[in-house]
Amino acid sequence: MIVVFLFGIISLFIIQPYLVRVLWYRTPDAATYKAFPQDIVHKSASPFHFHRSGTIRNDIDTLMVRDGDQHMISFNEYFKKGKLNVFLVIRNDSILYEKYSPGYTDSTLTTIFSGAKSMVSIMIGQALAAGDIKNLNDRITNYIPELAKNASFKNITIKNLLDMKSGLAFQDALGGVMKAFFSDEAKYYYTHDIKKELMKVRLDNQPGTVWKYKSIDPILLGWVLERASGKPVARFFEESVWRKVGAQYSASFGLDQPSGLANTASRFQVTAIDLAKIGRLYLHHGEYNHVQVVPKPWVAQSISIGIEKPASAKGWQKSAHHYMWWIPQEGATGDYAAEGMLGQRLYVDPITNTIIVQFADHGAGDYPYRRISRYLAGLPFNYP
C-alpha cells in the first residue's frame, strides 16, 4: 500500500509539475516573484518627483483608525498589527507621511498581487483608443483563435472578462489546506504553462450573467492585449504607460516561463513611489504633463459604475468591483482603489486630492484610507 501511495504521489507531481512549486512556496509573499522569469518594464528617462518637505507629519501615528476586528486603535498600532511594510500618503503632489518596516523604502520592488488587474484595465483602455482592440463586445476568439478549440470560449467577450463575468469555472483557495493546494488560484499562480491550463477550462455559467472574482479573466485579457498589440504585455505597458508617467524605477511582470505569458492577474512588481504615479495619473483624469496618456472617458468609465447595479459589495463601504478597480458605494463616494492580497493597496481620493500606497505582509483589515485622507484635508469623517 505504501508503494502504491508513493507511486500515486510521484505520478501526481509528474502530471502536474506546478504542484512542486505550490508545495515549496505555499501562500506566496511579496518576494515570491523572484522564483519566476521576469519581463522588465523599463523606467522613464525623465522621472517625476513628488515634493518632499523638510518635515514629515507624525500626527498620523496617533490618529485613531478601525481595524478588521472593529477596534479603534492608533495608526501606529494598525501598522504593526497588519505587518505593513510601506505606508505612503501624498496630497497635492507632496509626500505628507511615510512609514516603512526594516528593509523597505519607497523604492523597494514589491509584488502587488491583484493590484495588477487594475494595470490591465488601464491597458485595455489604451488598446481601444489605439484601435488595437476594436470593441469591448468583440469575442476573445477573434484575437486568440486557438481558444476556439475549447467551446467554453465561444461566446466570451472582452467586456465579459473586464466585468469578471466570463462564466469560466474557477476554484478559489478558500476552504482549508487541501482545497488551497489543488485550487485554481494556486494553479494559475504557479503553473509553468498558463496557456495549456486555460485550454482545459470549462464553462460554469453563460458569459455575462454571473460575477465571480477570479484570476482567469485578467490573464485572458493580458493574452488578448498581446495578440491585439503584437507586443508582450510588459513592452506595451512600458511604452503606453510607464515611461509616460515619469516612473523612477523599472517594474516587471512575472511570466509562467521564459518568453511565456505574463500573469496579469497577480504578478506585477512595482515600487511604492512609482505605483503612486499611477494613482496620480488617474487623479488627473489620465493626463500627465499636459499629455493624455489614458483617454479621459476611459478613466471616468473605469472608476464609476454609474447606474450599473453593483455585482459585489465588499466591506462596510460596499465596494463594487468594476473594470478591475474597487469602487466604494457607501457614504461620500468618489474614491477608489487597486487592491491586492495581503494588504497591497493603491488608494485614490479625488475629493481630497490624496494618494495612499500600502504594502504589507498581512494587512490589518477594515479601510482606514478614507479616514486618513479626510483627516489630512480637515474634513469630517465618521465610521458607520
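What follows is a conversation between a trainee and a mentor about reading this predicted model.

Trainee: What are the ground rules for this model?

Mentor: It's a predicted model, where local features need pLDDT of at least 70, side-chain atom pairs count only at pLDDT 80 or more, and totals for chains, interfaces and linings use all residues. Residues are numbered from 1 along each chain as its sequence is written, and side-chain values use heavy atoms, with hydrogens and water left out.

Trainee: What is the mean pLDDT of the chain, and where is the pLDDT below 50?

Mentor: pLDDT is the predictor's confidence in each residue, on a scale from 0 to 100. Here the chain averages 91, and 91% of its residues reach 70 or more. The stretch to watch is residues 3-13, where pLDDT is below 50. That stretch has six contacts in the model beyond near neighbours in sequence, a contact being heavy atoms within 4.5 Å. Where pLDDT is low, don't read the predicted coordinates in detail.

Trainee: On to salt bridges. How many are there by the rule?

Mentor: The rule asks for a side-chain nitrogen of Lys or Arg within 4 Å of a carboxyl oxygen of Asp or Glu. The count comes to 24. Take R235 and D39, whose side chains meet at 3.2 Å, N to O. This pair links distant parts of the chain, with R235 in helix α10 (residues 233-240) and D39 in strand β1 (residues 38-41), 196 residues apart. Those labels are DSSP runs numbered from the N terminus: helices are H or I with at least four residues, strands E with at least two.

Trainee: Are R235 and D39 buried or exposed?

Mentor: Buried means under 20% relative accessible area, exposed over 50%, and partly exposed in between, using a 1.4 Å probe and protein chains only. R235 is partly exposed at 23%, while D39 counts as buried at 16%.

Trainee: What does the salt bridge between D106 and R52 tie together?

Mentor: Their closest N and O atoms are 2.7 Å apart. D106 lies in the loop between β6 (94-100) and β7 (110-111) and R52 in strand β2 (residues 51-52), so the pair ties together parts that are 54 residues apart in sequence. D106 is buried at 13%, and R52 is partly exposed at 40%.

Trainee: And where do K80 and E77 lie?

Mentor: Both are in helix α3 (residues 75-81), three residues apart, about one turn of the helix. Their side chains meet in a salt bridge at 4.0 Å, N to O. K80 is exposed at 53%, and E77 is partly exposed at 39%. Salt bridges can also share partners: D39, R235, E238 and R243 are joined into one network that way.

Trainee: Let's look at a buried residue. What is M123 in contact with, leaving aside its neighbours within four places in sequence?

Mentor: L225, V233, F236, F237 and F253. M123 sits in helix α4 (residues 115-130) and is buried, with a relative accessible area of 0%.

Trainee: How should I read the faces of a strand, say β14?

Mentor: In a regular strand, side chains alternate between the two faces of the sheet. In β14 both faces are covered: Y336, A338 and G340 on one side and A337 and E339 on the other are all buried. Five of the five residues of β14 (residues 336-340) are buried, so the strand is largely enclosed by the rest of the structure.

Trainee: Which strand does β14 pair with?

Mentor: Pairing needs at least two bridges found by DSSP between the strands. β14 pairs with β15 (residues 344-349) in the antiparallel sense over five bridges, and E339 stands opposite R345 in β15. Three residues lie between the strands of this hairpin, where L342 takes a positive phi near 65 degrees.

Trainee: Where else does a residue other than glycine have a positive phi?

Mentor: Most residues other than glycine have a negative phi. H290 and M324 are among the exceptions, each with phi near 70 degrees. H290 is in the loop between β10 (287-288) and β11 (291-292), and M324 in the loop between β12 (320-322) and β13 (325-327). H290 is exposed at 72%, whereas M324 is buried at 2%.
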